[in-house]
Amino acid sequence: MDAIRDLSFDCIFRLGQLRHDRGLLTALIERWRGETHTFHLPFGEATVTLEDVHHILGLPTEGDPLILRGESTTVEDRRDLVGEFLGLLPADDDDVNRSGLKIKWLVHNFGSCEWLDPADIGYGAQVSFHVWAHLLCVIGSLFPDSSRNRVQLDLLWLLRDMGKLRQYSWGSAVLAFLYRKLCYSSWAGKSDFYGYATLLQVWIYERFPSLAPRHAAEPLFEYPLTLRWKAPLSHGDVP
């Protein structure tokens with residue numbers, strides 16, 4: 001948790017899984033124009049900005065650009081990469097492929113730290129493996145892929161230098177990824193959306209309150225703003 005907080009990902013970790021309103025998201029995606037990167041609405045244009053990303057997710061929006069170079073190409077290279085960073089090799093061939101590493105495998109092997117023993121000789125290394133696994137899950141959730149259940153292994157290369165992770169503009173990367181996926185999903189014949197849906201949904205809630213569910217109790221004044229929408233919500237009065 002110290003590592004996750006230090007890298008400004010604690011909001012993403014605390015948020016967990018937010019219930020997504022597929023109808024609301026689809027309605028907005030249908031109005032996206034890739035030429036301008038804006039939603040075309042009856043009263044004008046609107047879009048998600050870097051300021052929105054910072055306030056909604058709490059991610060840094062200044063720093064170096066995030067570039068995934070995809071240095072490992074073959075499945076065998078990717079298996080070796082997993083072994084190097086996580087200390088385990090996936091036993092099942094389906095656990096790792098060109099698309100990435102199964103999240104289920106990560107949760108099964110690193111979901112709990114209870115068995116770690118400080119008296120163990122390899123305790124320090126095991127802690128590092130668990131930190132990398134949790135960071136991989138947290139960062140990977142910001143850049144989902146079409147498999148829906150895998151995390152991109154190219155992200156592992158970023159973990160070689162933990163200090164460098166603090167220097168990236170993560171908010172810019174998440175926003176650019178969202179724009180790209182919105183453009184892809186708005187094409188004719190496309191029916192899926194693989195961007196970070198939580199960012200888009202909370203942006204809609206905050207910018208268009210009439211479309212947002214009502215808080216069952218007094219609204220939480222949480223920061224970043226995404227955490228406000230973890231509270232019990234009532235969807236009965238939403239048009």
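Start by selecting Q152, which sits in the loop between β5 (150-151) and α8 (162-165). Keep in mind as you click around that this is a predicted model.

**Stop 1: around Q152**

Is Q152 buried or exposed? Its relative accessible area is 19%, and the cut-off for buried is under 20%, so Q152 counts as buried. Now show the side chain and look for its polar partner: a polar atom of the Q152 side chain lies 3.1 Å from the backbone oxygen of F143. Next, bring up the residues that Q152 touches. Leaving aside anything up to four places away in sequence, these are L68, S99, L136, F143 and F177.

**Stop 2: F143 and F177**

Two of the residues in contact with Q152, F143 and F177, deserve a selection of their own. The model has 13 aromatic pairs in total. F143 and F177 make one that is edge-to-face, with 5.4 Å from centre to centre and 85° between the planes. Where in the chain do F143 and F177 come from? F143 is in the loop between α7 (123-142) and β5, while F177 belongs to helix α9 (residues 170-185). That puts them 34 residues apart, so the pair ties together distant parts of the chain. F143 and F177 are both buried.

**Stop 3: Y168 and W170**

Select Y168 and W170 for another ring pair. Their ring centres are 5.7 Å apart and the planes meet at 80°; edge-to-face calls for over 60 degrees, so this pair gets that label. Check the surroundings too: Y168 has 10% relative accessibility and counts as buried, and W170, at 0%, is buried as well.

**Stop 4: the three-stranded sheet**

Switch to cartoon view and find the open sheet, whose three strands are ordered β1-β2-β3 and pair antiparallel. Which strands stand at the edges? They are β1 (32-33) and β3 (44-46); each has a single partner strand, so one side of each has no neighbour in the sheet. Zoom in on β1 and β2 (residues 38-41), an antiparallel pair joined by two bridges. Here you'll find W32 opposite F39 in β2.

**Stop 5: the ring cluster**

Leave W32 and F39 selected, and add F43, Y179, W203 and F208. Ring pairs link these residues into a cluster: W32, F39, F43, Y179, W203 and F208. The sheet view and the ring view meet here, since W32 and F39 face each other across the strands and also belong to the cluster.

Key. Residues are numbered from 1 along each chain as its sequence is written. This is a predicted model: local features need pLDDT of at least 70, side-chain atom pairs count only at pLDDT 80 or more; totals for chains, interfaces and linings use all residues. Side-chain values use heavy atoms; hydrogens and water are left out. Helices (H or I, at least four residues) and strands (E, at least two) are DSSP runs, numbered from the N terminus. Buried means under 20% relative accessible area, exposed over 50%, partly exposed in between (1.4 Å probe, protein chains only). A polar contact is a pair of N or O atoms within 3.5 Å; within protein, one must be able to donate a hydrogen and the other to accept it, and residues adjacent in sequence count only if both atoms are side-chain atoms. Contact means heavy atoms within 4.5 Å. Two strands pair if DSSP finds at least two bridges between them. Rings of Phe, Tyr and Trp (its six-membered ring) pair if their centres lie within 6.5 Å; planes under 30 degrees apart count as stacked, over 60 as edge-to-face and the rest as tilted.
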